[in-house]
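Thank you all for making the time this morning. I would like to talk through the packing of side chains in this model, and I will go slowly so that you can follow along on the screen.

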Amino acid sequence: MSATNEKTNEFLPGILPPRTDRRLSRSSGRIASLRTGLVVLAVFASTCLWVAPYGIGPYHTHQEVNADFCPQVSELIPKSNGALWKTLGDTYETDAFKMRAVDWLAGAVRIPTESYDQMGPVGTDPRWEKFGVFHDYLLKAFPLVHASLEVTKVNTYGLIYVWKGTSSSLKPLLLAAHQDVVPVEDTTIGQWQYPPFSGYFDGERVWGRGSQDDKSGLIGIMSTIESMLENKFQPTRTVVLASGFDEETSGLHGAQMLAPVLLEMFGENGYAMLVDEGSGYGEQFGRVIATPGISEKGYLDVMINIASPGGHSSLPPLHTSIGILADMLVNIERNPFEVHLERGSPTYKIAQCLIHTPDLPASLRRDIIHAEHNELALRRAEQELFKNPMFKNLVGTTQAIDLIHGGVKVNALPEQAWAVVNHRISTSSSVTATKRRDTELLISLASQFNLSYTAFGARITDADVPAFGTLTLSEAYTHGLEPAPVSPTEHDAVPYRLLSGTIRAAYNSHRGLSNDDSLIISPGIMSGNTDTRYYWKLTEHIFRYGHTDGATGGSIISGVHTVNEAIKISNFVEMIRFFTTLILNVDESEMP
């Protein structure tokens, strides 16, 4: 998962509450304070921590709570394809298949498909050539996939696999995963427990860059299709796999090029649903919650540039360009965006799903339930939830001053100073609203320092009035990205319900469970951006979900985007089980 210009920590490790004595909690009926708790975040199940003076109140299973709050569906087990689903499920439980899965994933990890910021075009930058080696590996590892599916290469290394169904009238299922990984810093290699591109298997985990993000997704899909082909499965509904090769650096050469080809293949809104990488599942407030992302926050980099007269530093003005810029940056940080939890938003739906958890404080549960029709209850819930800064950041538009530059010599007055502010835009806002707020925030300082002010191409101050210098706001590096459309999750949203039932079925079958209380499915949201940013025209049912255990236990060493990235082989096999269940369920669904 990537930022728009550079990779950031979209995937955050789970933060779990310390273990408490449940016997004491149950006997007293109250605790002095709730030390920690997890709020559903959809950045690889990103989680939250806060302190709250609530006692633990009565808990009811989700069947006993108002069905309008985070409605749940039963596990969805394939029917007409039930025999194949059981056969494959039995196969996946064998040691032989687990070792095969190890070989598939480890072999992919051993090829260092790193993508870097500002790489040159394919064909001119030799760093792209390693993807050719990776394609050779895929061809060797998955012979039936390449013999049975139509393969289209876009911009040399972008891949589209089409598994044609017997019914051309049905919209295809679109699966997405990327081939590239974030680079490994040379200075960190010694910190890895096993070499970063070794694909080492220690008997429990496969280690190496990409073992989680996102070769587990790509190889999981291809392993699924290979296994289904070995069992002579022929889909009724076409299945399409799209794989970019620079998702970690915004997808400009990969997914951006794949999108028009995919659009030409099946048309606008021509796909039944899309599942790409995203959040997973983990325990929160005493209950396992899976969080398929139904939207992504927007993105905007704003450059603030100050220009003023130069000269010798022995004859300085009252304020240099660097000093003026510093004042403006302080003003920005003193004025964060106003944030409110809005009914109907993805983050509001996240909060509603928390009422199904047993350890949610009773007062907070009541406020969330009443918030639908009571403004005071909504604000109380908001106040409590926002004690967790991570959840608050997920709700609102954020600002982070990430880059700054000014001056060239110690005895020369700086003629220019600039900084870049990164914004992740709330799903309730827009690029235009974010620009407007930044523009208005600096008007008084532009006047105070007598600067001619231009913001995003528009003149703010009078051009004829003499000025000491200039203040210019502009988009840095690339155009802003609007928040993604929100995928439907209502009672009649068949794709979301199908995905929810599939998640439950895969989770249950992997553990030998057969009940609908095993976990909660909650809409999630991505704070970062995936390749789906280019696929909005393909379907309105876009989900970012990786069936991975992102939080349970708090000690999983995933190392996503840092040292010691690894995945449990049992988790990877469960991902294969998920993709199998998804393909079979979609194949026999009543979706158009």
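Let me start with Y545 and F578, both of which are buried, in what I should say at once is a predicted model. Their ring centres lie 5.5 Å apart and their planes meet at 65°, so this pair counts as edge-to-face. The pair joins distant parts of the chain, since Y545 belongs to strand 17, residues 542–549, while F578 belongs to helix 16, and 33 residues separate the two.

How many aromatic pairs are there by this rule? The count comes to 18. In another of these pairs, that of Y194 and Y200, the centres are 4.2 Å apart and the planes are at 20°, so the two rings are stacked. Y200 is partly exposed, its relative accessible area being 37%. Ring pairs also connect Y92, F97, W104 and F142 into a cluster.

Rings meet charges here as well, and I would point to two cases. The charged end of R437 is placed over the ring of F337, at 4.0 Å from its centre, and R511 lies over the face of Y507, 3.7 Å from the ring centre.

Turning now to the nonpolar cores, the largest has 68 residues, and the members that touch the most other members are L138, L175, M273, F572 and L582. Helix 16, which runs over residues 569–587, supplies the largest share of this core, namely eleven residues. If we take L138 and leave aside residues up to four places away in sequence, we find that L138 touches H146, L159, Y161, I219 and M222. There is also a second, separate core, with 25 residues, F69, L360, I368 and I520 being among them. As a general remark, nonpolar side chains in soluble globular proteins tend to be buried together.

Finally, I would like to look at helix 8, residues 321–334, whose 14 residues should span 20 Å at 1.5 Å a residue, and whose end C-alpha atoms are indeed 20 Å apart, which agrees. Which residues of helix 8 are buried? They are S321, I324, L325, M328, L329, N331 and I332. These buried residues cover an arc of only 155° around the axis, and they therefore fall on the same side of helix 8. On the face turned away from that buried side, helix 8 carries the exposed residues E333 and R334.

Key:
Residues are numbered from 1 along each chain as its sequence is written. This is a predicted model: local features need pLDDT of at least 70, side-chain atom pairs count only at pLDDT 80 or more; totals for chains, interfaces and linings use all residues. Side-chain values use heavy atoms; hydrogens and water are left out. A nonpolar core is a set of buried Ala, Val, Leu, Ile, Met, Phe, Trp, Tyr and Cys residues joined through side-chain atoms within 4.5 Å. Buried means under 20% relative accessible area, exposed over 50%, partly exposed in between (1.4 Å probe, protein chains only). Helices (H or I, at least four residues) and strands (E, at least two) are DSSP runs, numbered from the N terminus. Contact means heavy atoms within 4.5 Å. Rings of Phe, Tyr and Trp (its six-membered ring) pair if their centres lie within 6.5 Å; planes under 30 degrees apart count as stacked, over 60 as edge-to-face and the rest as tilted. A charge sits over a ring if NZ of Lys or CZ of Arg is within 6 Å of the ring centre and within 35 degrees of the ring normal. The expected span of a helix is 1.5 Å times one less than its number of residues. The arc is that of the directions from the helix axis to the C-beta atoms.
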